[in-house]
Amino acid sequence: DAMTIAWDAAAAFTQRYPQAEVFAFSSSDRSEGTTIQPIPNGYRPARSTSSNADCSALLWLKHHLGGDLVNTVVVLISDGFPNSHCTNCAPISHTKQVAQEMYDEGIRYVSVLVHYDNPSNKRDRADLLQRAGETLSTFGSLYPADVAVHVNGPDDFPAMAEAFKALDHRF
């Protein structure tokens, strides 16, 4: 499933870059609310939801970094589509806006898109995109990523070599 692939991707990054910090972000429209937790390298949460308001996570990250974004590289592991648990915002446009502002302030993104190419996921997202005034063909990317890798299953993990190559000169 997508969650397992995402955590396997995170493990691959932290194995190669042990100094990396890993945070799990998950939001829910149930009573659990939103949570952002540091995850020790090599671990994964026992349970997580799959709903994310990416803009909230980016704003939290900016605060966590103290606003000093220059020379910071963020590896975003996501399905590439925020859900609508963001209060009083349009999640797609707000995520794009916050991501671009942070990019303009110096942060750089490596994006690992999990199950992004899965046909059933594309169908499920059509309504969300339509409400945002976009289509799959015009959507593009939420993040102005220097490198974007698509991982739909374990067979796609060798594609992450492109992301590693982009990161190797920084660490």
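**Notebook: sheet and cores**

I looked up the sheet in this predicted model and found 3 strands forming an open sheet in the order β3-β4-β5, with parallel pairing. Two strands count as paired if DSSP finds at least two bridges between them; strands (E, at least two residues) and helices (H or I, at least four) are DSSP runs numbered from the N terminus. β3 (73–78) and β5 are the edge strands with a single partner each, so one side of each has no neighbour in the sheet. On average, neighbouring strands are turned by 15° against each other, direction ignored.

I then checked the bridges. β4 and β5 run parallel and are joined by 5 bridges. V110 has V147 in β5 as its bridge partner.

Next I looked at α6. α6 packs on the sheet and touches β3, β4 and β5 (contact is heavy atoms within 4.5 Å). Its direction makes about 150° with that of β5, where axes are lines fitted to C-alpha atoms, for helices over the stretch in contact, and angles run from 0 to 180 degrees between N-to-C directions.

Residues are numbered from 1 along each chain as its sequence is written. Local features need pLDDT of at least 70, side-chain atom pairs count only at pLDDT 80 or more, totals for chains, interfaces and linings use all residues, and side-chain values use heavy atoms, leaving out hydrogens and water.

Last, I took V151. Leaving aside neighbours within four places in sequence, V151 is in contact with I5, V112, L113, V114, H115, D156, F157 and M160.
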